[in-house]
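Please look over the backbone and burial features of this chain. A short report follows the structure.

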Amino acid sequence: MNAEIYFIYDSHCPWSYASTALLNHIHHAYKDMPIHLFHVVHYDGSDGIEVKTAKQVQAQSSVTFSENYLRFIQDDKDGTISANLLTWVNKREPAKSLAVLNALQKAHFQDGNPLRQQDDFNDIIKEFKLSPPAKVFRSVLSKDAEFNLAGIAELQELMQTQAFPALLLAKDDNLILLNHNLYLTKPETIVEAVELELKR
């Protein structure tokens with residue numbers, strides 16, 4: 001049996017941040033299961049986030065947000081460079097992808113780092129010993145990130161929804177949309193749901 005996980009998310013989306021906790025538990029339980037990350041780039045610099053959204057996420061999940069983040073929550077969010085970087089990591093050093101996503105989300109939602117320009121990424125680049133090309137830090141999507149969007153569109157067509165975040169389990173020829181909302185308050189319980197699907 002072949003099984004893989006697909007995660008459609010946005011690095012600057014609070015609900016995606018909460019859902020990454022589920023992905024971490026799946027990865028811990030199934031270390032050899034391939035994980036594919038697809039950054040949807042919903043936040044492109046044209047919109048911020050409402051305070052009430054952060055409160056809803058905190059109430060309905062296991063994550064919290066720092067005062068540093070909440071202070072500037074309504075400022076326009078831009079996940080373009082994060083998408084470029086994560087797409088590059090997925091392609092060049094896939095074993096680091098999930099860890100880099102976690103680091104970016106910690107920097108954004110806990111440290112209040114806007115992740116909008118190259119300097120905002122320096123600590124993470126250094127921590128993971130990455131050497132991305134300069135094009136990753138442009139304020140437009142890289143060709144690889146744009147190609148990723150085409151892959152997202154295909155997955156969304158199969159799911160028959162454009163909603164994100166989305167967590168999908170591919171088992172042999174079947175694609176199963178996991179209802180991540182059921183597990184946000186106790187993210188470790190997602191492992192049981194995956195186990196049940198794998199046994200079917």
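The report below covers a helix, a buried strand with its partners, and some unusual backbone angles.

This is a predicted model, in which local features need pLDDT of at least 70 and side-chain atom pairs count only at pLDDT 80 or more, while totals for chains, interfaces and linings use all residues. Residues are numbered from 1 along each chain as its sequence is written, and side-chain values use heavy atoms, with hydrogens and water left out.

**Helix α1**

Helices here are DSSP runs of H or I with at least four residues, strands are runs of E with at least two, and both are numbered from the N terminus. Helix α1 covers residues 14-29, which is 16 residues. The expected span is 1.5 Å times one less than the number of residues. For α1 that gives 22 Å, and the end C-alpha atoms lie 24 Å apart, which agrees. Buried means under 20% relative accessible area, exposed over 50%, and partly exposed in between (1.4 Å probe, protein chains only). The buried residues of α1 include Pro 14, Tyr 17, Leu 22, Leu 23 and Ile 26.

**Strand β5 and its partners**

Strand β5 spans residues 166-171. Six of its six residues are buried, so β5 is largely enclosed by the rest of the structure. Both faces are covered. One side carries Ala 166, Leu 168 and Ala 170; the other carries Leu 167, Leu 169 and Lys 171.

Two strands pair if DSSP finds at least two bridges between them. β5 pairs with β1 (residues 3-9) in the antiparallel sense over six bridges. There, Leu 167 is the bridge partner of Phe 7. β5 also runs antiparallel to β6 (residues 174-178), joined by five bridges. Leu 168 of β5 stands opposite Leu 177 in β6. The hairpin of β5 and β6 has two residues between the strands, and Asp 172 takes a positive phi near 55° there.

**Backbone exceptions**

Most residues other than glycine have a negative phi, and most peptide bonds are trans. Phe 164 and Pro 165 are joined by a cis peptide bond, with omega about 0°. Pro 165 sits in the loop between α7 (143-159) and β5.

Two loop residues with positive phi are set out below.

| Residue | Phi | Loop | Relative accessibility |
|---|---|---|---|
| Val 41 | about 55° | between β2 (35-39) and β3 (44-47) | 13%, buried |
| Lys 129 | near 55° | between α6 (122-127) and α7 | 69%, exposed |

Neither Val 41 nor Lys 129 is a glycine. Val 41 is buried, whereas Lys 129 is exposed.
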